Amino acid sequence: MPKDGGIGASVVRREDTRFLKGKGRYTDDMNRPGQTYAYILRSSLAHATLNNIDTAAASAAPGVIRVFTGADITAAELGGVPCGWQITDKHGEPMKEPAHPILAVGKVRHVGDPIAVVVAETYDEARDAAELIDIDMTDLAAVVDMRTAETSGNQVHEEAPDNVCYDWELGDKEGTDAAFANAHHVTTLEFINNRLVANPMEPRCAIGEYDENDDNYTLYTTSQNPHVIRLLMGAFVLSIPEHKLRVYAPDVGGGFGSKIYHYAEEAFVTWASKEIRRPIKWTADRSEAFISDAHGRDHVTKAELALDAEGKFLGLRADTYANMGAYLSTFAPCVPTWLHATLLAGQYTTPMVHARVRAMFTNTVPVDAYRGAGRPEATYLLERIINKAAQEMGLDQAEIRRRNFIRTFPYDTPVALQYDTGDYDATLNAVMETADYAGFEARRAESASRGKLRGIGLSCYIEACGIAPSALVGALGARAGLYEAATIRVNPTGSVSVMTGAHSHGQGHETTFAQVVSDALGIPADQIDIIHGDTDKIPFGMGTYGSRSLAVGGSAIVKAVDKVVAKGKKIAAHLLEAAESDIIFEDGQYKVAGTDKAKAFAEVSLAAYVPHNYPIDEIEPGLEETAFYDPKNFTYPAGSYLCEVEVDPETGKVEIVAMTASDDFGNIVNPMIVEGQVHGGLAQGIGQALLENCAYDEHGQLVSGSFMDYAMPLAVDLPNFVVETVEGTPCTHNPLGVKGCGEAGAIGSPPALINAVVDAIKGYGIDHIDMPATPLNVWTAIQNASAKQAAE
Amino acid sequence: MAKVTMTVNGKEHSGEAEGRTLLVDFIRGELGLTGTHVGCDTSQCGACVVHVNGESVKSCSVFAQACDGATVATIEGMQNDDGTLGVLQAAFQEHHGLQCGFCTPGMVMSASELLKVNASPTEEEIREGLKGNICRCTGYHNIVKAVQSAAATMAGAAQAAE
Amino acid sequence: MYAFDLARPADLASAVTSLQTEGAQALSGGQTLIPVLKQRLSQPSVLVDLSGIDSMKGIRRAGEFLIIGGGTTHGTVAGSAEVASAIPAIASLASKIGDPQVRNRGTIGGSVANNDPAACYPSAVIALGATVETNKREIAAEDFFQGLYTTSLEEGEIVTAVKFPIPVAATYQKFEQPASRFSLTSVFLAKMGDGSVRVGVTGAGADGVFRHAGLEAALSADFSAAAVDGVAVDAGMMSNDLHATPEYRAHLVKVMTKRAIAALS
């Protein structure tokens, strides 16, 4: 195949055409015959007992079909929203796993907790009627600060008297303590990893439809993984067997993790559509999204790094509080544990690592994975404390990292992972050259001449993605396998339909996957269709998150293609009257090795469906193959990021002057799309470090509940990015040699940016600032440090 | 309820709207033009940007009845007559200026007005001009490139026509 | 939104009549009011859309005054040659409000009538000592703004124009709130024909827009950054929220004032 279409080519995206014409088909764009509308009345209090809900007036309001409360859910004996991962704590006990009812029963536990649903002929009528619902609640003291949750005396759940979901640890504690005892220097850093709201631009939406002819349900939903929703909702909430339940996630307007989870609204509209025998649509507005989408991050950590006199890392200790919010969202328990503590070796040979994580219940919105999920938190921890250590020991930030790089592979970390391959010097060298690290001091001086404080910050990240080997995650508490499935349906005339369990909500799978198949089958990409998102069409799938789509989903496609080709060879051998072992497949042709005899892919495909001359005793007609691919290991993308900032010391405002990323993603299918993924990750990482902060007050009220107070990065806030990928180290264990690129930017950039800010203001004696580095926070840090310096 | 008539993408449309019906809901619900999206409720995200009487507006912050008699352009009217992508749309595709596609219609409509007002904007002017549109996917880098490219293409076409 | 009727008067008299309906409320550009309605924080029976009243639109110079019709959009002001030649700082201010789409709808009349403590226009109105013209009377800026979201407008009274005295020189220095992009603390500084210097501050005050007497006195005597250093700005009168402490706002008042001086020097 020419490289203008296959692997390695920056093919423009086929899906763009419909999006650019306004013909994308998002869930809220769909309307079902007889559709009704749901408005969800949510708690305005963070923590309260529900004494009585009077729905009489609302039920009688114009257009109202029915009003539902927790009592209806209880009467119907529906299950609660399930959690997909069970953590075993350090005493060998399972985590506390309180019930999460679809609509609140007895108590509300966060602002936004759903109390009642009005279903009406129109959205406005539903919302108008909701105003008539009379709720008698008794306000309770809210648990908000996870650091004091254990001793606050207030309980989010009866099952967790001290609000601890689990107290978990990983690594050799005694060995780590011994490493600290022998250290030349110990650096300590206490910091916050700020709570974020994913805010995909498309708010969540769900339409439930019951078909009484077949006793079938359909859920149209904004999901990253429709099969996971079918499994969780069907099996654990509504007791609907898979063959009676279709989940369809059409075009989805971004997810970033927040659309992985099974949400109560999905279960509600599906179930209630049978109750009222009409389809029900629910669409969140942005204000509702802020209090009902799972949030991300929200750790408070104390970390310590032990070093020898040369700056070699001897040991790392981390003690983290992780906020779970009021209920356990689908993957919440694994984020601060197996997706976080396992990454604490980073790119370094630190021999001893010990991590403790206490997951806390609070009266806040549930917290779960957000782009990077645990790995940004780990990278931030490491890359910040390394810079602090370098600052304390007078070492250059690049040099201290070089002294500690892992250089032999495979490498077994002290925190349970085995890195298969990598070349950390390559990305560090590349980024330092591209960003002109050597010339920085001259630029700093130039900025100073304009009254600006310039700083440069480095971050070297590694992530474990391509999630995940099923047996491994099963042993760690996952309640599902994390393989991927694909079907290659070769149609009689040789065109191909690819059914993938991965789901595209911005990643461009329709283009990338077609490139992979085009390359493998030697047929033009326009003869290949990629079908995703519909459980009725796709054999199975675990969806898209954890930068897994190409590494796992793409591998399943490759495996299914291999099966197609293997069968095609049998057919071709028959048609060409040759031995099967003599058939080779290349450039879309089945050839008899060493001869000019050949059959085109389409000819063989036709023979499979019109089997007049066919090895019918040996193989079946037809040409359709399915493969499930379970990865042998995680993949380990890695890279180095350099950020350069200018701080205005008068206002505290930080301007990003340059952001340079150098990544090793292994093999790359579509460089244009990979670069775009890095751009997006960088923007979200910069957002976390500079702008975004999901803040609660002491009563559990969300202070930053809209874009008026939650600062989203705009075009004016961001620089042009310099993004390069080094000729990488291909993944050793998947057939494409790919690693995953979706989360890298969000993982590598926050510490680079904060390191740069600290470098800029270190003259005041500042060695840390928490995210986000807003003008207020930077100015306050400078004020406090100046006052301290003046006092000394 | 009142009858509202407007010319949308060159065709006259009528429908029913309450006083509180927003233009975006009228376009999506009554006219079935679902390319215009709603991404926030504070007039900030710009997923709903359309042109009313030649000016870009946030259709979530204008009432449908207030547009009775108006000329409205939406993303569905931006392609060429033969169905191919217009210059700006093609530039977004060429430069990978979109990912999930949800903000894209509003982004294109804002960029379209930006180029109408300023045919050769600087990078800074483009970023300022897109201040009313939030994209969560792209980091804006490729959107800026797309707008620059479209400006150059349009300038080239204008020059060729002279 | 709660249900309401939308009235679309074509002239001021009809608008005034419509606003006499019980529960009626005026709607100008709607860029602030419509989001408020979406949150169901306001429940008008009739919303009187002023955007069809042509007599309220337009910009003209009358001697030593620049008069901007209440229904004139920020975009029109930002792009107006008349404004650029008379008081370029007003054009600059208008160009910094919101974003292009908000500027295409939002109006000066709506902005001053709403008196959002973080809005841009009130700082210019108060700093220049403008007169707010309504369908009933003329109101001096000092009397017009009465604290957060509060003005001396009576029920049903409509801002028809704002009449700005033309200063010798003026500038608007905006420091944005990182999320809303409204003013976090912004300063409109004007040098008037009588030699006085006037300083309007928006975004900062706990009671909304204000003039700072200390800064004005100091700068009228000595128009320099050094003069600003000698002035005490009281944090006690500043507002406090997620984005800025009172101390930070008080500090920014001085920083933005100095930048205004630099811009005019």
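**Two helices, two domains, two chains**

Author: In this predicted model, the axes of helix 9 (residues 375-393) of chain A and helix 18 (residues 744-761) of chain A come within 8 Å and cross at roughly 30 degrees.

Reader: What makes helix 9 of chain A roughly parallel to helix 18 of chain A?

Author: The angle does. The two axes cross at roughly 30 degrees, and angles under 35 degrees count as roughly parallel, so helix 9 of chain A is roughly parallel to helix 18 of chain A. The crossing is right-handed.

Reader: Which residues of helix 9 of chain A and helix 18 of chain A make the contact?

Author: Helix 9 of chain A brings, among them, A:Arg375, A:Tyr380 and A:Glu383, while helix 18 of chain A brings residues including A:Ile747, A:Pro750 and A:Val758. By class, the contact has 8 nonpolar, 4 polar and 3 charged residues.

Reader: Moving to chain B, how many residues does each domain put into the contact?

Author: Chain B splits into domain 1 (2-77) and domain 2 (87-161), with C-alpha centres 22 Å apart. Domain 1 of chain B gives 14 residues and domain 2 of chain B gives 11 residues. On the domain 1 side, 6 are nonpolar, 8 are polar and none are charged.

Reader: And between the chains, which helix of chain A gives the most to the side that touches chain B?

Author: Overall, 43 residues of chain A are in contact with 41 residues of chain B. Helix 17 (671-691) of chain A gives the most to that side of chain A, with 7 residues. The residues of that side divide into 20 nonpolar, 14 polar and 9 charged.

How values were computed:
Residues are numbered from 1 along each chain as its sequence is written. Chains are lettered from A and ligands numbered from 1 in the order in which they are written. This is a predicted model: local features need pLDDT of at least 70, side-chain atom pairs count only at pLDDT 80 or more; totals for chains, interfaces and linings use all residues. Two residues are in contact if their C-beta atoms, placed from the backbone, lie within 7 Å. Helices (H or I, at least four residues) and strands (E, at least two) are DSSP runs, numbered from the N terminus. Ala, Val, Leu, Ile, Met, Phe, Trp, Tyr, Cys and Pro count as nonpolar, Asp, Glu, Lys and Arg as charged, and the others, Gly among them, as polar. Domain bounds come from an automatic or database domain assignment. Axes are lines fitted to C-alpha atoms, for helices over the stretch in contact, and angles run from 0 to 180 degrees between N-to-C directions. Angles under 35 degrees count as roughly parallel, over 145 as roughly antiparallel, 65 to 115 as roughly perpendicular and the rest as oblique. A crossing is left-handed if the near helix is turned anticlockwise from the far one by less than a right angle, and right-handed if clockwise.
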